[in-house]
Amino acid sequence: MQRRATALRAAGARIGFVPTMGALHAGHLSLVARARPGCDVVAASIFVNPLQFGPGEDLERYPRPFERDRAELEAAGCDLLFVPPATDMYATEARTFVVVDELQDVLCGRSRPGHFRGVTTVVAKLFNLVQPHVAVFGQKDAQQAVILRRMVQDLDWPIELRVAPIVRDPDGLALSSRNAYLSREERREALLLHEALGAARARLAAGERRSAPLCAAGVQVLSRGERLRSDYFEIVEAATLAPCDPVRGRVLIAVAAWAGSTRLIDNLVLDVRDDGVSDAEL
Ligand code: PAF
């Protein structure tokens, strides 16, 4: 992969890159489209990264429909697919990890210790192998996108990081490879995550700026789900993930909850001003 990327660069090609763990859905395919402008070659990777799964998480049962993924990527206009085996990505003697301090410990980092260290380490390795000019990540994993942007800045990588909007089912459920685990009932209750975000947004639009009542409005919606267990519902500054109270500026409203044994996340990015609230980008 590295030789191929070096040759492409030497020939003057600009490389766009979409790292994935496979089990692709329309959200992933939208990342391929987002990588295209300004790039001559769009590369994707499929690698179920063991380093970002904690003990007891779903590494073994994570879906791996490789042939379907490959065909969908090709149909979406992906030019180059990199599928390294875990034994190539992690030599047993590897002792180097990439850690983005502090940002990795909040929100999802609290209940998934080590997760973001796994993400930043593998993405750093993938960047060194694929040598992209542009890399695209989904807003669905908002904390991941913020952390990776910080990593790119802190380590001086000449990579433009693009964040693509969340793609949802028509009823509002954010697409996720893990939605495949949900029973009918769990899927129905999973819709409450989106509804909870909407409830906080409605309170913001009505003028509320205190974080506690805004989050309480979200948690109250989540509590209607009998099979739903809330992990967190928080409002933070979008750029820094720092707590934000009163809620002002570009903010991330983020929610995580378990539907049965499946952990789901969703979020909204908003620009909150004195005179109103509008959608914003990460
Ligand atoms: O978002 C994902 O699918 C993964 O965290 C990533 C970025 C491919 C790293 O393994």
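Which element gives the most to the shell around the ligand? The answer is helix H6, with three residues. The model in which this shell is found is a predicted one, and the paragraphs below lead from the protein as a whole to the ligand and then to a single residue beside it.

The secondary structure of the protein comprises nine helices and nine strands. With a radius of gyration of 19 Å, close to the 19 Å that the globule rule gives for 282 residues, the protein is as compact as a globular protein of that length. Along the principal axes, its C-alpha atoms fill a box of roughly 55 × 40 × 40 Å. Of the 282 residues, 53% count as buried. Among contacts in the protein with a separation of 6 or more, 71% join residues that are 24 or more positions apart. The protein exposes about 13300 Å², and carbon and sulfur atoms supply 51% of that area.

Attention may now turn to the ligand. The residues around the ligand are Pro19, Thr20, Met21, Asn49, Gln52, Val119, Val122, Val123, Phe137, Asp141 and Gln144. Sorted by class, this shell has six nonpolar, four polar and one charged residues. Two glutamines bring polar side-chain atoms to the ligand. In glutamine 52, such an atom lies 2.6 Å from an oxygen atom of the ligand. In glutamine 144, an N or O atom of the side chain is 2.7 Å from an oxygen atom of the ligand. On its own the ligand has 290 Å² of accessible area, of which the protein covers 89%. Two elements give two or more residues to the shell, namely strand E1, which spans 15–20, and helix H6, which spans 115–130.

Strand E1 also offers a residue that merits closer description. Threonine 20 is found in this strand and belongs to the residues around the ligand. Is threonine 20 buried or exposed? Its relative accessible area is 7%, and a residue counts as buried when that value is under 20%, so threonine 20 is buried. The side chain of threonine 20 reaches the backbone oxygen of serine 45 at 2.8 Å. When residues up to four places away in sequence are not counted, threonine 20 touches His28, Ser45, Ile46 and Phe47. Serine 45 is thus named both in the polar contact of the threonine 20 side chain and among the residues that threonine 20 touches.

Definitions and conventions
Residues are numbered from 1 along each chain as its sequence is written. This is a predicted model: local features need pLDDT of at least 70, side-chain atom pairs count only at pLDDT 80 or more; totals for chains, interfaces and linings use all residues. Side-chain values use heavy atoms; hydrogens and water are left out. A residue is near a molecule or strand if one of its heavy atoms lies within 4 Å of it. A polar contact is a pair of N or O atoms within 3.5 Å; within protein, one must be able to donate a hydrogen and the other to accept it, and residues adjacent in sequence count only if both atoms are side-chain atoms. Accessible areas come from the Shrake-Rupley method with a 1.4 Å probe; for residues, only the protein chains shown count as cover. Helices (H or I, at least four residues) and strands (E, at least two) are DSSP runs, numbered from the N terminus. Ala, Val, Leu, Ile, Met, Phe, Trp, Tyr, Cys and Pro count as nonpolar, Asp, Glu, Lys and Arg as charged, and the others, Gly among them, as polar. Buried means under 20% relative accessible area, exposed over 50%, partly exposed in between (1.4 Å probe, protein chains only). Contact means heavy atoms within 4.5 Å. The radius of gyration is taken over C-alpha atoms; the globule rule is 2.2 Å times the number of residues to the power 0.38.
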